[in-house]
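Me: I am new to this structure and would like a close look at one part of it. Could you choose a single strand and take me through its surroundings, step by step?

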Amino acid sequence: QVQLVESGGGLVQAGGSLRLSCAASGRTFSNNAMGWFRQAPGKEREFVAGINWSGGTTYYADSVKGRFTISRDNAKNTVYLQMNSLKPEDTAVYYCAAGLSGYAVGSYDYWGQGTQVTVSS
């Protein structure tokens, strides 16, 4: 079992930055790939970024490539999402997830409660 708690969301102006954190509990954190997803009102949950168990492999949605960076610290059981050059279309609830690697919601078994990110124009 892995329990996930996100933090770091908030309101920011376009062009600004935020760093999201996801603290995990459970002894199997370092065995899991981690992902960040987001869901805007009226839209489906979509993949944002993923990282393998060691942190050696990362991958991103095209819409955030070059602006967002995912990283993890297995000693702290934490995964991060650094978000730069934020745009109004990045506004959503952001979720972290643990499980198999991949881009699909179904590849992940454990989910946090989400943190709201709002980007004003």
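Reply: What follows is a walk around strand β4, its partners and some of the loops and residues beyond them. The model is a predicted one, and every value below is computed from it.

Strand β4 covers residues 33-39, and because 6 of its 7 residues are buried, the strand is largely enclosed by the rest of the structure. Two pairings involve this strand. With strand β9, which spans residues 92-99, β4 pairs in the antiparallel sense over 7 bridges, and within that pairing Arg38 has Tyr94 of β9 as its bridge partner. With strand β5, made of residues 46-51, β4 again pairs in the antiparallel sense, here over 5 bridges, and Phe37 finds its bridge partner in Phe47 of β5. The strands β4 and β5 form a hairpin with 6 residues between them, and in this hairpin Gly42 takes a positive phi near 80°.

If we turn to the loop between β3 (18-25) and β4, we come to Asn32. This residue has a relative accessible area of 11%, and since buried means under 20%, Asn32 counts as buried. Its contacts, once neighbours within four places in sequence are left aside, are Val2, Trp53, Arg72, Ala98 and Gly99.

The partner strand β9 leads on to another loop, the one between β8 and β9, where Ser85 lies. The phi of Ser85 is near 50°, a positive value in a residue other than glycine, and with 41% relative accessibility Ser85 counts as partly exposed. A further positive phi, also near 50° and also in a residue other than glycine, belongs to Asn77, which is found in the loop between β7 (68-73) and β8 (78-83). Asn77 is partly exposed as well, with a relative accessible area of 23%.

One last residue takes us to strand β2, which consists of residues 10-13 and includes Val12. At 13% relative accessibility Val12 is classed as buried, because that value falls under the 20% limit. Although Val12 and Leu86 are 74 residues apart in sequence, their C-alpha atoms are 8.1 Å apart in space. Leu86 is also one of the residues that Val12 touches when those up to four places away in sequence are not counted, the others being Ser17, Leu18, Thr118, Val119 and Ser120.

Conventions: Residues numbered from 1 in each chain as written. Predicted model: local features only at pLDDT ≥ 70, side-chain atom pairs only at ≥ 80, totals over all residues. Heavy atoms only, no water. Buried < 20%, exposed > 50% of the residue type's maximum accessible area, 1.4 Å probe, protein only. Helix = DSSP H or I, 4+ residues; strand = E, 2+ residues; numbered from the N terminus. Pairing = 2+ DSSP bridges. Contact = heavy atoms within 4.5 Å.
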